[in-house]
Amino acid sequence: MAETPIIEVRDLVKHFGSVIALNGVSLKVSSGEVLCLLGDNGAGKSTLIKTLAGVHKRSAGDFLVDGRSIDFESPRDALDAGIATVYQDLAMIPLMSITRNFFMGREPLKGFGPFRYMDMKRADTVTREEMHKIGIDIRDPQQAVGTLSGGERQCVAIARAVYFGAKVLILDEPTSALGVAQTSMVLKYIDLVRSKGLGVVFITHNVRHAFAVGNRFTVLNRGRTLGTHAKGEIAMDALQNLMAGGKELQELSGELGGTI
Amino acid sequence: MAETPIIEVRDLVKHFGSVIALNGVSLKVSSGEVLCLLGDNGAGKSTLIKTLAGVHKRSAGDFLVDGRSIDFESPRDALDAGIATVYQDLAMIPLMSITRNFFMGREPLKGFGPFRYMDMKRADTVTREEMHKIGIDIRDPQQAVGTLSGGERQCVAIARAVYFGAKVLILDEPTSALGVAQTSMVLKYIDLVRSKGLGVVFITHNVRHAFAVGNRFTVLNRGRTLGTHAKGEIAMDALQNLMAGGKELQELSGELGGTI
Amino acid sequence: MSTIYDVKDKLGRDERVKTSSLLTTLIRKPELGAVAGLVLVIVFFLVFASPTMFTLAGIMNIMAPASQLGILAIGAALLMIGGEFDLSLGSMIAFAGLVFAAALVVWHMPLAAAILIAFLVALVVGTVNAQIVIRTGLPSFIVTLAFLFILRGLTLVGLKWASGGATQLRGIKDVVEGSTLAGFFSGNALEGLFAWMAAHDMIDKFPNGLPKVSGVPVEAVWFVLFALFATWLLLRTKFGNWIFASGGDARAARNSGVPVNRVKTTLFVVTAACATLVAIITVLDAGSTDARRGFQKEFEAIIAAVIGGCLLTGGYGSAIGAFFGSLIFGMVLIGLTYTTIDQDWYLVFLGTMLLVAVVFNNVVRKRVTGER
Amino acid sequence: MSTIYDVKDKLGRDERVKTSSLLTTLIRKPELGAVAGLVLVIVFFLVFASPTMFTLAGIMNIMAPASQLGILAIGAALLMIGGEFDLSLGSMIAFAGLVFAAALVVWHMPLAAAILIAFLVALVVGTVNAQIVIRTGLPSFIVTLAFLFILRGLTLVGLKWASGGATQLRGIKDVVEGSTLAGFFSGNALEGLFAWMAAHDMIDKFPNGLPKVSGVPVEAVWFVLFALFATWLLLRTKFGNWIFASGGDARAARNSGVPVNRVKTTLFVVTAACATLVAIITVLDAGSTDARRGFQKEFEAIIAAVIGGCLLTGGYGSAIGAFFGSLIFGMVLIGLTYTTIDQDWYLVFLGTMLLVAVVFNNVVRKRVTGER
Amino acid sequence: KDINIIAVTHGQASDPFWSIVKNGITQAGKDQGVHVEYRAPETFDMVAMGQLIDAATNQQPDGLVISDPDPDALGPAIKKAVAAGIPVISMNSGIGAASKLGILLHVGQDELPAGRIVGARMKDMGLKNVLCVNQEVGNAALDQRCQGVKEGLAGGKVTVLPTSADPTETQSKIRAALSSDPSIDGVIGLSAPLVGEPAVAAVEALGAQSKVKVGSFDLSSAFLKDVADGKAAFAVDQQPYLQGYLPVTFLAQHAKNGTMPAGNVATGPSFVTKDNAGQVIDMSAKGIR
Ligand SMILES: Nc1ncnc2c1ncn2[C@@H]1O[C@H](COP(=O)(O)OP(=O)(O)OP(=O)(O)O)[C@@H](O)[C@H]1O
Ligand SMILES: Nc1ncnc2c1ncn2[C@@H]1O[C@H](COP(=O)(O)OP(=O)(O)OP(=O)(O)O)[C@@H](O)[C@H]1O
Ligand SMILES: [Mg+2]
Ligand SMILES: [Mg+2]
């Protein structure tokens, strides 16, 4: 992986008013690799990936895409640059149908000139198929997203990002609300996407999920990078401890039979 | 556990318009035990516990609390009956402060008669302490919940339910957004609560978390109970397969190194 | 692989969905509520109003104001679905009317140029409204409220300047006399058809042989076409999807790549253009304009849209609902005059009818869509 | 165990929070925006208005309308924070005024009984509004709009009945002459103080020796007390927490055990009671009531609340903000008459001032709270 | 020293009638070389109007012109102005209470008697069932006009039709009223542009010109054209221009020379009919009549 990374950030800083959410974070993602972003609650993972996705503007630091410094004005710019994101809060409109949410911002068109209109039939078919691939059998693609279960909703967001992801796929805790079957599907998906040559940023709190698909692991703690480790270099236990932000877990874990 | 269960439901049915969310579900929780409610996405777990918590009215079936048939008119009734719930969507008001959310509906009062007012200082202290116990060190209890990270928000909801839970504690995927340290804390908490003699209903997709604290496991699938198993009676793998709703996972899991 | 998930029964039905009759499926449209409200109102007037209300002439008489309101209501509905309000709508009617009339009688422009100028003004006003809302992040309620005052005030000042001191500018009819273009914005459409029908005794005639109703008010044609267009736009186009998304959750929409600001700006311009269209129609019809034109039309438009099922919080609603909402409101407004109800009770009945129609609408909608 | 989490530095500061000066901390209040808006407006009038505006008499002259508006605005603000609107507020003023006046001059009741009856009517109207909103699930916008019409219509009917055909009811002054209770609702407070100050040449006098300002308008006292009470209620009581919760997300609040319906009903009643209080004050002050009383006050109240920072979507706002919002709006309304601006331009200036004040308010608020 | 005169009325500057009043006031100011200001509340609002009078009193003008549609409500404010030593002239409405409140004199005529005269004229025209179209129900001044018509038309029937400022709606409502009650033979509007013109259009659309006579309070150039063309029977002129012009002139003279006419001045009503409408149209288009 001597090639230029698809995405690289150096010493990223992000303030919200008086809150310092990121205080010097660096990472890079190359094509064909899965970077797991790990860290405690409130470490700044979501803030970081929102900056990558064009939602937030960084307060300081460098942000390079394909080796060139870049400034996204809006999430649309990031999407156009081939970066698709599943946000932790999903970015879905509860009142709109599954299909409409799926294609929001990237509607498939039919017809020509000023009479172009949405190809609803195709949209419905694609939605149903993509959801099926991820293991969800939806009743009706026209159902409002607001009436879906938490996990079903998550799957819509993931299926959408995978479908439209071109270069980099960013997933913020995609498996947190998912059942066992769906989780397996999603992890397999990530594997598939990587093998197609995309870069993936995968946020999770589950060290097993991270180990299952990750190539490298970057750990955040209180707005700072704690370090990056390749898969071979670190054991699951050590990573687990790093993720917890240096809190000793043995004791707690021991009481509960070491199963966490 | 020959005593009457604190909560028991038999053949519960719940329809939303033409959608059948629950189609005959039975379960019971006794004091001093943790019942894990498992099942695929969309199986009906949240719908079930919302019925227990007084949010939904059942379409058919029996619901007994302490052996007596009961009908909750509102979540307040359930709370008054000692049933505290962490909802999957958390039931928090983003614009309100952490403290105000924490005590929403159960405000600590000071003064007397018509001049009773909220004891803000105590509320702030309690909030900070309870959050600390669960492993979150909040900057300012007056911060709006909307600016917290996903996991921090989850912790507020859990800490609140634990603080106010009197007889039964219902937790809908409480650990899904949590970091390693916080997850350990929450599981330890559940253990603690159980040992104090409360009943706990714990929904999770993580079989390890379930095994760590659960006494019995009830599996839902497409709105129906698939069966209940005590801890000693079933192996983790078998449970894992049940949770996935009968989908064979070996193959998938195998490809990813059996780590899920 | 698909067989793994296939637990549907042999007919391909999902066991988690109750079967419902064809009829229920057919009518499971939120708009049905508004239709039901309209039916209720019609039944009420059939019973209590003078039978002349439902003659051809009576219906056309209701269509004119209902259509003008409807054009505004559909514009307001689109904007509301997109998550914003335009309270300057009514003042915009007056302002556009002034610009249009002044272009004709003060600057002596040809009709086409005057129409163009009026719509250009709409473009400017809509854009200004939108830009202020977007850049300041203030609620559109308060921003457009400021323009409610400003445009109304400018109209008065402009009228006094244009007329040399009065609050009315007239003489428009003389200027546009004989223009074919004017036919698109004033008078009646389908006059030939109605004359033919009168000649063949199919409709009522005056003693002199002319038909009592000489055609369909031209605004009704605009109204129906606009309703159809807006429905197509909302349900079948990319832009329609963006409108719903922007109104449903602007942040989520933006994160998904919807150009929310562009959508909102366009909607503000469309709303202002609707006001301008109504202004042109009324100015040509009345032959004059005055400082009170369009007074409180913004509220009537919002009312009609809400009757038709639009949510005030955005992200939900339909053009066809606004269409029926306008018909309901227009019919109640004019219809009470056909009854023998003491006119002092007018407002009481207006309010009651509104409430009953909306409640009924709501009950029917919940019933058919199975909401709880 | 606590040491595990302790990564704060020695001074106990959290390294994730930027240190900020005492001043910034002091003024980090959203209400500061409204104060800044008020300052801006005051500066404007200091420069452009007749100096008489800021004499004692001028200030009292502004206080009367601003206070009446303010009482309504605080009621509307509480309701808006609780997630609902009351568009029937203005009509309620007229209706309560009618009931109150009729009780006095038609039924010849004592003042105390008339006041009681008026507030009982408020209780009923508020409850009816709330119950319809809660039971039907319709937006309060449309339900209270129906009551806007209905109450206004009933006022007209009632006035004609009470006065025997006119739309004005007069003669209230004669009836309440000499009642001490009336002093709580009309005229001026602190009259003794002002007379004393006049006698000692501390304030301006008329040629006949009476003080130019005979006291503080009684509504100003109500206004300030109500603003203090509402602020305490919102920030310090259980009910205040419930109001924020109900407006922020009714479902989440309900799930957390907040009796949302009870909260909303109470708020509707409070709003109606505010309208009634203003009705009683104006009827006693004017000695008469008419069918147009309170016309459009609902919008002025909402405007003032929004200027003061209330969100139209509910769950956010403050009584103190509404307080300043009313002062801003009231000052702009009256203040323009102290300038030499031509009345034709009045609306243009009103709109512009509003916009400028609100934008300024917003900029300051964002600056101090660090929102982006 | 500059002479300052303030006028506070109940009519908005955008109201056709009051805009003419304001034009008269402005012109008088120019002619007399005094500074004038016109103020009115945003709607017919007696409470707000009282506050505006207070505001005017605070500025100690050399003269105050007011309209007084509700002497009870405005009384205290007017008395205060008088007590402050400001000469006050009332115009348009409030003739009955003028002397009691210490007002120097009244220019114009109350709406009620004006309405009576119109009613009497319609009775003379042989009308029996008249529709009184009110574009702003609840405005007590306008309500009095209909009330007066009813009294003047003694024996005949008067129905009040509430409408709005929207000419399309007004026209539709008048058509509705005429077609549901064919015995209506007269329509009287309370504003020429907002009601009179749509009323003529409505009658025309129904082809009932020969049966239904239309009249209107106040003037507008388009309505006067209808009168001239014989489509409308008459317009009632209160000469609002004079109601604004005269009080300012009197007060300016009072401030300069201490003069004041001895009695009230009646400015109307006078009728404009087919014979004299032609002369008035141009003046009306300029906002003078
Ligand atoms: N808009 C905002 N305003 C103020 N503070 C914010 C804002 N967004 C995030 N923060 C703060 O920044 C910190 C980092 O938040 P972030 O959401 O990035 O955490 P995270 O690593 O994604 O945590 P989790 O695993 O719980 O999702 C948190 O403490 C949060 O309170
Ligand atoms: N209000 C509603 N209207 C219509 N359908 C609903 C509603 N609420 C839930 N459902 C449907 O009922 C089914 C069960 O939903 P529920 O939220 O109980 O699933 P769950 O077991 O909690 O899933 P997850 O693990 O993903 O949270 C889902 O398919 C959902 O679409
Ligand atoms: Mg996060
Ligand atoms: Mg769930």
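Is Gln88(B) buried, exposed or partly exposed? Hi everyone, let's start there. Gln88(B) is partly exposed, because its relative accessible area is 25%, and partly exposed covers the range between the 20% and 50% cut-offs. Before I go on, please keep in mind that this is a predicted model.

So what does Gln88(B) do in the picture? Through its OE1 atom, Gln88(B) is one of the protein donors of the magnesium ion, ligand 4, and the other is the OG atom of Ser46(B). These donors lie 1.9 to 2.0 Å from the ion. The two residues come from distant parts of the chain, 42 residues apart. Ser46(B) belongs to helix H1 of chain B, residues 45-52, while Gln88(B) sits in the loop between strand E6 (83-86) and helix H3 (98-102) of chain B. Ser46(B) is buried, with a relative accessible area of 18%.

Now let's move over to chain A. Which residues give the protein donors of the magnesium ion that is ligand 3? They are Ser46(A), with OG, and Gln88(A), with OE1, at 1.9 to 2.0 Å from the ion. Here the pair again links distant parts of the chain, with Ser46(A) in helix H1 (residues 45-52) of chain A and Gln88(A) in the loop between strand E6 (83-86) and helix H3 (98-102) of chain A. Ser46(A) counts as buried at 18% relative accessibility, and Gln88(A) counts as partly exposed at 26%.

How are these two chains related, then? As a reminder, two copies of a chain are related by a rotation about an axis and a shift along it. Chain B superposes on chain A after a rotation of 180°, with 0.0 Å of shift along the axis and an RMSD of 0.0 Å. That is the relation of a two-fold axis. If you want to find the axis from chain B, look for Ser176(B): its C-alpha is the one in that chain nearest the axis, at 2.4 Å. And 100% of the interface residues of chain B are also interface residues in chain A, so the copies meet through the same surface.

While we are in chain B, have a look at one of its sheets. Four strands form an open sheet in the order E2-E1-E4-E5, with antiparallel pairing. Which strands stand at the edges? Strand E2 (19-29) and strand E5 (68-69) of chain B do, each with a single partner strand, so one side of each has no neighbour in the sheet. The partner relation of strand E4 (residues 60-65) of chain B with E5(B) is antiparallel and runs over two bridges. To see it in the model, find Val65(B), which stands opposite Arg68(B) in E5(B).

Next stop, chain E. Strand E1 of chain E, residues 4-8, is largely enclosed by the rest of the structure, because four of its five residues are buried. E1(E) pairs with strand E2 (residues 35-39) of chain E in the parallel sense, over five bridges. Ile5(E), for instance, has Val36(E) as its bridge partner in E2(E).

How many disulfides does the structure hold over all chains? The count is one, and the disulfide joins Cys132(E) to Cys146(E), with 2.0 Å from S to S. Cys132(E) lies in strand E6 (residues 129-134) of chain E and Cys146(E) in helix H5 (residues 140-152) of chain E, so the pair ties together parts that are 14 residues apart in sequence. The torsion about the S-S bond is about -85°, so this disulfide is left-handed. Cys132(E) is buried at 0% relative accessibility, and Cys146(E) is buried too, with a relative accessible area of 4%.

By way of contrast, Cys274(C) is in no disulfide, and the nearest cysteine sulfur, that of Cys310(C), is 13 Å away. Cys274(C) counts as buried at 5% relative accessibility. Cys310(C) is likewise in no disulfide, and is buried with a relative accessible area of 2%.

Last one: Asn58(E), in helix H2 (residues 46-58) of chain E. Asn58(E) is buried, with a relative accessible area of 14%. Where does its side chain go? The side chain of Asn58(E) makes a polar contact with the side chain of Tyr338(D) at 3.1 Å, and reaches the backbone oxygen of Ala57(D) at 3.3 Å. Beyond its neighbours within four places in sequence, Asn58(E) is in contact with residues including Thr52(D), Gly58(D) and Asn61(D). Thanks for listening!

Key:
Residues numbered from 1 in each chain as written. Chains lettered and ligands numbered in written order. Predicted model: local features only at pLDDT ≥ 70, side-chain atom pairs only at ≥ 80, totals over all residues. Heavy atoms only, no water. Buried < 20%, exposed > 50% of the residue type's maximum accessible area, 1.4 Å probe, protein only. Polar contact = N/O pair within 3.5 Å; in protein donor to acceptor, adjacent residues only side chain to side chain. Contact = heavy atoms within 4.5 Å. Disulfide = S-S within 2.5 Å. Donors = N, O, S within 2.8 Å, 3.2 Å for Na, K, Ca; no water. Pairing = 2+ DSSP bridges. Least-squares fit on C-alpha atoms with pLDDT ≥ 70 in both.
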